[in-house]
Every structure is written in structure tokens, then in C-alpha cells.
Amino acid sequence: MKALLITLVLPALILFIIFCYYENNKLDITHYYIKSNSAKKDFRIVQLSDFHSKPFFKVIYEVEKLKPDIICITGDYINDHEKRKAEMLEFGKKLLEISPVYYITGNHERRLENFESLMNELEDIGFSVLLNDTAQCEYCRILGLDENQADFKDYKARKKGTFVYKDMKPYFDMLEGYDGFKLVLSHFPENFEGIKELNYSKYDFDLQLSGHAHGGQWIMPFAGPLFSPGQGILPKYARGSFGERPRLIVSRGLGNSEFPLRLFNHPEIVVINIKTH
């Protein structure tokens with residue numbers, strides 16, 4: 001009986017481990033094509049999100065092949081335990097060899113006691129760190145939001161319905177007067193139109209890139225994404241595209257945080273091709 005159990009259980013366990021590894025590491029590349037009257041020239045954005053301190057070296061290989069004009073990292077690059085920080089800084093240098101990198105914070109970086117020194121280290125390697133600020137590049141103006149709204153106490157307040165969102169209008173005003181393509185980086189996709197008076201979709205810009213939701217962690221047949229912090233069960237803004245102009249694109253992210261397994265929800269590189277015609 002013992003030999004029979006070993007014969008049955010061991011192969012099943014090995015297959016399960018292989019399956020889990022595949023689900024967490026099989027890399028998907030999702031292309032979007034946006035025709036824009038605002039853009040002055042065609043350009044390509046690669047969005048990378050939610051590494052959670054995973055130096056995913058296959059990403060470097062794939063991004064090199066994609067030849068982006070700019071790379072946007074939409075938060076949670078390093079997790080809240082500052083795991084593998086040195087490796088992630090070296091990984092960032094490799095990304096910078098491909099294209100300029102524009103970076104915003106996620107909730108994980110914001111939990112770090114040495115937040116300021118980490119931002120300095122990322123700037124020192126060459127990242128354009130945007131903390132409620134704009135950057136101008138050849139192709140567009142970029143607003144990077146630092147919402148700082150997902151501490152553990154914020155999750156509790158959101159669950160109770162007592163969370164107070166920040167008015168980000170002063171930062172969106174920084175985009176006024178610019179007649180080219182306007183790109184917004186925000187870690188939290190639900191802020192696009194999922195909050196009432198303070199939603200971002202009412203402002204004048206072209207595209208928002210977000211992450212945070214990890215694609216709902218598990219994507220189940222017929223049900224879709226299962227759960228996201230800040231949105232709860234069956235989150236709407238967990239993956240994909242929403243709206244026209246402004247438009248929201250949500251990355252499923254690349255790493256995991258506390259929960260170790262993605263299910264039918266592979267890590268994702270997002271590629272946005274902006275076309276003038």
C-alpha cells in the first residue's frame with residue numbers, strides 16, 4: 001500500500017510543482033494599438049508592473065526584442081520587505097540599456113521605512129522617478145502619480161467604506177496646455193472611474209497605465225478575475241482595457257506578493273503601440 005501511494009502521489013506532486021512553476025513564469029506579451037490625434041509621431045511603450053522583487057530575466061530578453069521607445073514601471077518594483085534590492089537595481093540597469101525608464105511607486109514601496117533612500121537609489125541608476133510630477137520626453141508628457149493609498153490601515157478603511165481618496169486634480173493640472181500625447185501612470189486602476197467625484201477619467205489626457213490588481217490573482221472560467229486588494233471579489237479593473245479617451249490599460253503584473261500562485265493568469269508584458277494614422 002505504501003509503495004502504491006508513493007507511486008501515485010509522488011508523480012502527482014511533481015506534476016503539480018511543474019504546473020505551479022509554469023503558471024508563475026510563462027510570460028505573456030499583450031499588444032494594444034491606439035490611434036491618436038494627440039501624438040506627434042508613432043511610438044511604442046512597454047509597461048512592466050508589480051515585479052515584487054522578482055528579477056525576471058526573461059523580461060529583459062523579450063523587452064530587447066520589442067524595441068520600445070520608453071519603458072514604464074507602474075509600481076511595486078521592490079516589495080515591502082526590500083527583498084533582493086541589489087538584484088533589482090542591477091535588473092533596472094539592464095532595462096535602462098534598452099530604453100529610458102519612467103517609474104512610479106506602488107503600495108509596497110510606500111510601506112518601506114527607507115522610502116526616500118530607495119527613491120534616491122532608483123534615480124541614481126537612471127530611473128525617472130515620478131512622485132506626483134511630470135516628465136517630458138520626445139514622444140509625450142508623462143504624469144506619474146504617487147497616491148500612497150494602500151497601507152494596511154487603508155485597506156481596512158476601504159472595507160468599512162470610510163476611506164478618503166486624495167484629490168489629484170493639482171497634478172492633472174500639470175498636463176494642461178500641452179498639445180501632445182498625455183500619459184498618466186497610476187498604480188491603482190480603480191481610481192480611473194471606480195471612485196466617485198475624484199475619478200481620473202474626467203480629466204483631459206490620453207492614456208492611463210496601472211497595475212496592482214495582479215490580474216485578480218486567479219482567473220477562473222466564466223467567473224474571470226477573482227480578487228484584488230482595493231476592489232475585492234470579482235474585480236472589474238484587474239486586466240485589459242477600458243474607455244476610449246482617456247483610456248485605461250491594466251497590466252496583470254509580473255511577480256507575486258504574499259500569495260505565491262497565479263492560476264490561469266500568467267505574468268504579462270504590456271506593449272502599447274501609439275499610431276498617428
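These exercises work through helix packing, salt bridges, backbone outliers and a surface patch in a predicted model.

Residues are numbered from 1 along each chain as its sequence is written. Local features need pLDDT of at least 70, side-chain atom pairs count only at pLDDT 80 or more, totals for chains, interfaces and linings use all residues, and side-chain values use heavy atoms, with hydrogens and water left out.

**Exercise 1. Describe how helices α2 and α3 pack**.

Step 1. Locate the elements. Helix α2 covers residues 57-66 and helix α3 covers residues 85-96. Helices (H or I, at least four residues) and strands (E, at least two) are DSSP runs, numbered from the N terminus.

Step 2. Pick the descriptors. Two packed helices are described by the angle between their axes and the distance between the axes. Axes are lines fitted to C-alpha atoms, for helices over the stretch in contact, and angles run from 0 to 180 degrees between N-to-C directions.

Step 3. Read the geometry. The axes of α2 and α3 come within 10 Å and cross at roughly 10 degrees. The two helices are therefore roughly parallel. Angles under 35 degrees count as roughly parallel, over 145 as roughly antiparallel, 65 to 115 as roughly perpendicular and the rest as oblique.

Step 4. List the contact. From α2 come Phe57, Val59 and Ile60; from α3 come Phe91, Lys94 and Leu95. Contact means heavy atoms within 4.5 Å.

Step 5. Find the buried side of α2. Its buried residues are Val59, Ile60, Glu62, Val63 and Leu66. Buried means under 20% relative accessible area, exposed over 50%, partly exposed in between (1.4 Å probe, protein chains only). These buried residues pack against β1, β2, β3 (70-74), α3 and β16 (268-275).

**Exercise 2. Which parts do the salt bridges of Lys40 and Lys41 tie together?**

Step 1. Set the criterion. A salt bridge is a side-chain nitrogen of Lys or Arg within 4 Å of a carboxyl oxygen of Asp or Glu. The structure holds 15 of them.

Step 2. Take Lys40. Its side chain meets that of Asp179 at 3.7 Å, N to O. Asp179 lies in the loop between α7 (169-172) and β8 (181-185), and Lys40 in the loop between β1 (28-35) and β2 (43-48), so the pair ties together parts 139 residues apart in sequence. Asp179 is exposed, at 57% relative accessibility. Lys40 is exposed, also at 57%.

Step 3. Take Lys41. Its side chain meets that of Glu138 at 2.5 Å, N to O. Lys41 lies in the loop between β1 and β2, and Glu138 in the loop between β6 (133-136) and β7 (140-144), so this pair ties together parts 97 residues apart in sequence. Lys41 is partly exposed at 35%, while Glu138 is exposed at 53%.

**Exercise 3. Identify backbone outliers in the loops**.

Step 1. Recall the norm. Most residues other than glycine have a negative phi, and most peptide bonds are trans.

Step 2. Check phi. Asn148 has a positive phi of about 50 degrees. Asn148 sits in the loop between β7 and α6 (152-160). Gln217 has a positive phi near 70 degrees. Gln217 lies in the loop between β9 (207-210) and β10 (219-220).

Step 3. Check exposure. Asn148 is partly exposed at 36%. Gln217 is buried at 13%.

Step 4. Check omega. The peptide bond from Arg245 to Pro246 is cis, with omega near 0 degrees. Pro246 is in the loop between β14 (240-242) and β15 (247-250).
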